[in-house]
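Thank you all for coming. Please take a moment with the sequence and the structure on the screen, and then I will walk you through them slowly.

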Amino acid sequence: MLDETPLPDASPLSAADAERLADIMRALASPVRLRILSGLRARLSTVTELSAQLQVGQTTVSNHLRLLRHLSLVAGSREGRHIHYALFDDHVVDLLDEAIRHLEHLPRA
């Protein structure tokens, strides 16, 4: 049975907010991007480190990070020649954690 208790501030999204959220959801629809985010959940990493950890080419990781950065899901800080990436903020951590917790409650395919 569904809980019909209204959520706080459950007003419909504006068209602009819905469009932006859809962009974020499309970004999260990529298995490689989800693996990048989960890797960054564990620790700061460079493109080289993520590439080795995920066994995905550096160009591929770099392209995915560019999109994730554009959508404010990750942030990068330059140290010399390297950029260390991290999740943008605690909201991204919470979003990822909630999605993983939801996955744990689903029946295995």
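**Surface, charges and loops**

Let me begin with the outside of the protein, which exposes about 8,100 Å², and carbon and sulfur atoms supply 56% of that surface. Please keep in mind throughout that this is a predicted model. Of the 109 residues in the protein, 28% count as buried, and the C-alpha trace spans about 50 × 35 × 20 Å along its principal axes.

Turning to the secondary structure, the protein comes to 5 helices and 2 strands, and if you follow the chain from the N terminus, the elements run in the order α-α-α-α-β-β-α. If we take the contacts between residues at least 6 apart in sequence, 48% of them join residues at least 24 apart.

Now, which residues make the nonpolar surface patch? The patch, of about 280 Å², is made by Leu13, Leu21 and Met25. Leu21 is found in helix H1, which covers residues 15-28, and with a relative accessible area of 35% Leu21 is partly exposed. A residue has to have over 30% relative accessible area to be part of such a patch, and Leu21, at 35%, is therefore able to meet that requirement.

Let us move on to charge. The protein has 12 positive and 14 negative side chains, and the centres of these two sets lie 14 Å apart. As a general point, side chains of opposite charge can pair when their charged atoms come close. In this structure there are 5 salt bridges, and I would like to go through some of them with you.

We can stay in helix H1 for one of these pairs, where Asp23 forms a salt bridge with Arg26, and the closest N and O atoms are 2.4 Å apart. Why are these two separated by about one helical turn? The reason is that Asp23 and Arg26 are 3 residues apart in helix H1. Asp23 counts as partly exposed, at 31% relative accessibility, and Arg26 also counts as partly exposed, at 47%.

A pair with a similar description sits in helix H5, where the side chains of Glu98 and Arg101 meet in a salt bridge with an N to O distance of 2.5 Å. Because Glu98 and Arg101 are 3 residues apart in that helix, they too are separated by about one helical turn. Glu98 counts as partly exposed at 47% relative accessibility, and Arg101 is partly exposed as well, with a relative accessible area of 41%. Going back to the earlier pair, salt bridges that share partners join Glu19, Asp23 and Arg26 into one network.

How many residues apart are the partners in the salt bridge between Asp97 and Arg41? The side chains of Asp97 and Arg41 meet at 2.9 Å, N to O, and this pair links distant parts of the chain, with Asp97 in helix H5 (residues 90-105) and Arg41 in helix H2 (residues 31-42), 56 residues apart. Is Asp97 buried or exposed? At 19% relative accessibility Asp97 counts as buried, because buried means under 20%. Arg41, at 38% relative accessibility, counts as partly exposed.

Finally, I would like to show you two residues in loops. Gln55 is found in the loop between helix H3 (47-54) and helix H4 (58-70), and with a relative accessible area of 74% Gln55 is exposed. Gln55 has a positive phi of about 55°, although it is not a glycine. If you look for Leu96 as well, you will find that Gln55 and Leu96 are 41 residues apart in sequence and 21 Å apart in space, going from C-alpha to C-alpha.

Where does Ser72 lie? Ser72 lies in the loop between H4 and strand S1 (74-79), and its phi is near 60°, which is again a positive value in a residue other than glycine. Ser72 is partly exposed, with a relative accessible area of 26%.

To go back over the route, we started from a surface of about 8,100 Å², looked at the patch made by Leu13, Leu21 and Met25, and then turned to pairs among the 5 salt bridges, before coming to Gln55 with its positive phi and to Ser72 with its own positive value.

Notes
Residues numbered from 1 in each chain as written. Predicted model: local features only at pLDDT ≥ 70, side-chain atom pairs only at ≥ 80, totals over all residues. Heavy atoms only, no water. Patch = residues over 30% accessible without salt bridge, like charges linked within 9 Å, V, L, I, M, F, W, Y side chains within 5 Å. Areas by Shrake-Rupley, 256 points an atom, 1.4 Å probe, with all protein chains shown as cover. Salt bridge = Lys/Arg side-chain N within 4 Å of Asp/Glu carboxyl O. Helix = DSSP H or I, 4+ residues; strand = E, 2+ residues; numbered from the N terminus. Buried < 20%, exposed > 50% of the residue type's maximum accessible area, 1.4 Å probe, protein only. Contact = heavy atoms within 4.5 Å. Lys, Arg positive; Asp, Glu negative; His and termini not counted. Charge placed at Lys NZ, Arg CZ, Asp CG, Glu CD.
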